[in-house]
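Colleague: I've got a chain on my screen and a list of things to ask you about it. Let's put it up and start.

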Amino acid sequence: MFSSSSTALKTLWITVLVVLVDHLTKYLAVSYLNFGVPHEVMPYLNWTLVYNHGAAFSFLADMGGWQRWFFALLAVAMSAILLVWLKKLPAGLSVEALGINLILGGAVGNLIDRIWSGKVTDFIDFYIGTWHYATFNVADVAITVGAILLIVNEFFLKKSA
C-alpha cells in the first residue's frame, strides 16, 4: 500500500514503540492497581487506575455507548491522515515526523482500548493539593508531546518560504 523507501514511513517504528509501551503500562496498571485507589509515586503524582468511556477529560463518557464507535472512527480517520502526511515527508527522522509518529502511536494505543473493551485505561494521576488533573496514560502523553513538537516545528523550526 505505502512504499516507505524514500518517505518518512520508515519512522513508523516509533509509532509501534509508543503502542507497545502504552499497552505494557496499561497491562501493568490493570494487573497491579485496584480501581480508583491511588498509590503515591511521589509528591504530586499517583498511580490511580480508572477507565474513560469518553474522550479527553471523559468528554461524552455518559452518552450511552455510541461515543465508543464515534471516537474509534475518528481515531481511524486521523490515523489515515497522519499516515498520508508521513508518506509525503522525506525519509529520515525530523521533528515533524517524530511528532506525527507520537500522535499516531497514542491514537492507535487508545483506539485498541476502545475497540477491545469499549473504554480507555488511564492511570497517571497528577495533582496539586486537592486539585487533580484528569487521569491519563502513556498514549495521551505521546499525543500531547507530538502536538507540541508539531507546533514548535511549524512556528519555530520551519524555514519560511
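Modeller: One definition before you start: buried means under 20% relative accessible area, exposed means over 50%, and partly exposed is in between (1.4 Å probe, protein chains only). This is a predicted model, numbered from 1 along each chain as its sequence is written; local features need pLDDT of at least 70, side-chain atom pairs count only at pLDDT 80 or more, and totals for chains, interfaces and linings use all residues. Side-chain values use heavy atoms, with hydrogens and water left out.

Colleague: OK, let's try it on K26: buried or exposed?

Modeller: K26 lies in helix α1. Its relative accessibility comes out at 3%. The cut-off is under 20%, so K26 counts as buried.

Colleague: Which residue, four residues apart from K26 in helix α1, forms a salt bridge with it?

Modeller: I call it a salt bridge when a side-chain nitrogen of Lys or Arg is within 4 Å of a carboxyl oxygen of Asp or Glu. For K26, one such pair has its closest N and O atoms 2.8 Å apart, and the two residues are about one turn of the helix from each other. The partner is buried too, because its relative accessible area is 0%, and it is D22.

Colleague: And which residues are linked in the network of salt bridges?

Modeller: K26 also meets the side chain of D113 in a salt bridge (2.9 Å, N to O). That pair links distant parts of the chain, with D113 in helix α3 and K26 in helix α1, 87 residues apart. Both D113 and K26 are buried. Put the pairs together and the network is D22, K26 and D113.

Colleague: How many salt bridges does the count come to?

Modeller: Besides the ones with K26, K158 pairs with E154, the closest N and O atoms being 3.2 Å apart. Here K158 is partly exposed at 43%, and E154 is partly exposed at 44%. The count comes to three.

Colleague: Zooming out, what pattern does the chain follow along the sequence?

Modeller: Helices (H or I, at least four residues) and strands (E, at least two) are DSSP runs, numbered from the N terminus. The chain has four helices and four strands. Read in order, they give α-β-β-α-α-β-β-α.

Colleague: What span does α1 reach from its first C-alpha to its last?

Modeller: Helix α1 covers residues 12-32, so 21 residues. The expected span is 1.5 Å times one less than the number of residues, which gives 30 Å. The model is close to that, at 30 Å.

Colleague: Within what arc do the buried residues of α1 fall?

Modeller: The buried residues in α1 are I14, T15, V18, V19, D22, K26 and A29. The arc is taken from the directions from the helix axis to the C-beta atoms. Seen down the axis they line one face of the helix, because they fall within 135°.

Colleague: Which exposed residues sit on the face of α1 turned away from that buried side?

Modeller: On the buried side, the cover includes β2 (45-52), α3 (95-117), β3 (120-128) and α4. The face turned away carries W13, L20, Y27 and Y32.

Colleague: What relative accessible area does N46 have?

Modeller: N46 is in strand β2. It touches P38, H39, E40, V41, F123, I124, D125, Y127 and H132, leaving out residues up to four places away in sequence (contact means heavy atoms within 4.5 Å). N46 counts as buried because its relative accessible area is 8%.

Colleague: Over in the loop between β1 and β2, what is phi of Y44 near?

Modeller: Y44 is partly exposed, at 45% relative accessibility. Its phi is positive in a residue other than glycine, near 80°.

Colleague: Last one: what area does the nonpolar patch with F155 make?

Modeller: F155 lies in helix α4 (residues 138-157), and at 64% relative accessibility it counts as exposed. Patches are made of residues with over 30% relative accessible area and no salt bridge, joined within 5 Å for nonpolar side chains (Val, Leu, Ile, Met, Phe, Trp, Tyr) and within 9 Å for like charges; areas come from the Shrake-Rupley method with a 1.4 Å probe, and for residues only the protein chains shown count as cover. I148, I151, V152, F155, F156 and L157 together make about 640 Å².
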